[in-house]
Amino acid sequence: MIIGLVGKNASGKGTVADLLTERGFVYTSCSDIIREEIVARGLEVTRENLIETGRDLRREGGPGALAEMILKKLEPNTHYIVDSIRNPGEVDVLRRRAEFVLIEVTASEHVRFARLVARARPGDPTTLEKFRELEARELQSDDSAAQQLVATAALADVALSNDAGPTELRAALEALLPRIARGAARPDWDDYFMGIARMVASRSNCLKRQVAAVLVRDQRIIATGYNGTPRGAPNCNEGGCPRCAAFGPSGTRLDECLCSHAEENAITQAAFHGVIVRDATLYSTLSPCLTCTKMIINAGIREVVYDAHYPLASQALGLLQSCGVVVRKLGDGATTRATPT
């Protein structure tokens, strides 16, 4: 899970984060990224500087810039807290991860001001008037780079009240977490196998493009392949394919390329090990070329799911469809199949 926290000043986001940390979540925060920038600029870490520096970073990198920086730090198979989300653009970026849930932590104004005075952080306002004045700058703005707490909180999946105190907050969070966990996204089979294909592609040593294919039957992987030079030949990145090493224009000198394609390698690997591919589904990070298409059809593969369009693939896709092979691009929901002639 990735649990994002949004809430007004002193609403209790830090307390919620502490409770989640006790339960194995790893803490990260948009404010920490801003603090790092403030220190790099040689400024004092005050709430005023947090607001202005955050605005600067969003202007330079877009409304979701802070969240983009956070996503780059997240490791797989780990529960995370993302604290201090204050712009709808940050929510948009974090929602790229299906396991993301946004919690709004709420508390009344008088409770929040009392907490703020009690914690006495440097730079925090000491009067209710100043508290309201500073908060008004965070709530809403016509500037897309500014803090927009009202609009951000409106995107929350759930609200968590923190008016009563830590005991009640702990109980509410303990009741909420199982609900979030049960609703956590689990990849469907297409995303699962394409995710594996993307990992397989990282093994490719082709200088031009890294591509991979995964053959699946009965929801089990039966073969994988990535593009590269034939068995026993020098690797592409070691000079094994002069055509790729020349980095010529795409689509040229294809007859001189010594690299086997990912689909070709997956099919031949199955043949090498005596594995039947008839009626299998082929997942490929790139739609197949014409040569691989003919191999797919003649091998009896019944379905092709691809992630990105190969620039020269229109004829190949048409041939697959005309020969009765199901063709799907991941994410667009389209399925095409023509009756074989």
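The mean pLDDT of the protein chain is 89 in this predicted model. Of its residues, 95% reach 70 or more. Residues 334–341 fall below 50. This stretch nevertheless has 22 contacts in the model beyond near neighbours in sequence.

The protein chain holds 14 helices and 11 strands. Its radius of gyration is 26 Å, whereas the globule rule gives 20 Å for 341 residues. The computed value is well over the rule, so the chain is more spread out than a compact globule. Along the principal axes, the C-alpha atoms fill a box of roughly 80 × 45 × 35 Å. Buried residues account for 44% of the 341 residues. Contacts were also examined by sequence separation. Among those with a separation of 6 or more, 61% join residues 24 or more positions apart.

Helix 4 was examined together with its surroundings. This helix spans residues 65–73. Its buried residues are Ala65, Leu66, Ala67, Ile70 and Leu71. The elements that cover these buried residues include strand 2 (26–29) and strand 3 (80–83). Helix 2, helix 3 (47–61) and helix 5 (88–94) are also among the covering elements.

The pairing of helix 4 with helix 2 was analysed further. Helix 2 runs over residues 30–40. The axes of the two helices come within 9 Å and cross at roughly 100°. Angles of 65 to 115 degrees count as roughly perpendicular, so helix 2 is roughly perpendicular to helix 4. On the helix 2 side, the contact is made by Cys30, Ile33, Ile34 and Glu36. These residues meet Leu66, Met69, Ile70 and Lys73 of helix 4. By class, the contact has 6 nonpolar residues and 2 charged residues, with no polar ones. Leu66 and Ile70 take part in this contact, and both are buried residues of helix 4.

A loop position was considered next. Gln148 lies in the loop between helix 7 (128–139) and helix 8 (149–153). The relative accessibility of Gln148 is 13%. Buried means under 20%, so Gln148 counts as buried. Its contacts, leaving out residues up to four places away in sequence, fall in two stretches of numbering. Gln148 touches Arg86, Asn87 and Pro88. Gln148 also touches Glu138, Leu139, Gln140, Ser141 and Asp143. Of these partners, Pro88 belongs to helix 5 (88–94). Glu138 and Leu139 belong to helix 7 (128–139).

Definitions and conventions. Residues are numbered from 1 along each chain as its sequence is written. This is a predicted model: local features need pLDDT of at least 70, side-chain atom pairs count only at pLDDT 80 or more; totals for chains, interfaces and linings use all residues. Side-chain values use heavy atoms; hydrogens and water are left out. Axes are lines fitted to C-alpha atoms, for helices over the stretch in contact, and angles run from 0 to 180 degrees between N-to-C directions. Helices (H or I, at least four residues) and strands (E, at least two) are DSSP runs, numbered from the N terminus. Angles under 35 degrees count as roughly parallel, over 145 as roughly antiparallel, 65 to 115 as roughly perpendicular and the rest as oblique. Contact means heavy atoms within 4.5 Å. Ala, Val, Leu, Ile, Met, Phe, Trp, Tyr, Cys and Pro count as nonpolar, Asp, Glu, Lys and Arg as charged, and the others, Gly among them, as polar. pLDDT is the predictor's confidence in each residue, from 0 to 100. The radius of gyration is taken over C-alpha atoms; the globule rule is 2.2 Å times the number of residues to the power 0.38. Buried means under 20% relative accessible area, exposed over 50%, partly exposed in between (1.4 Å probe, protein chains only).
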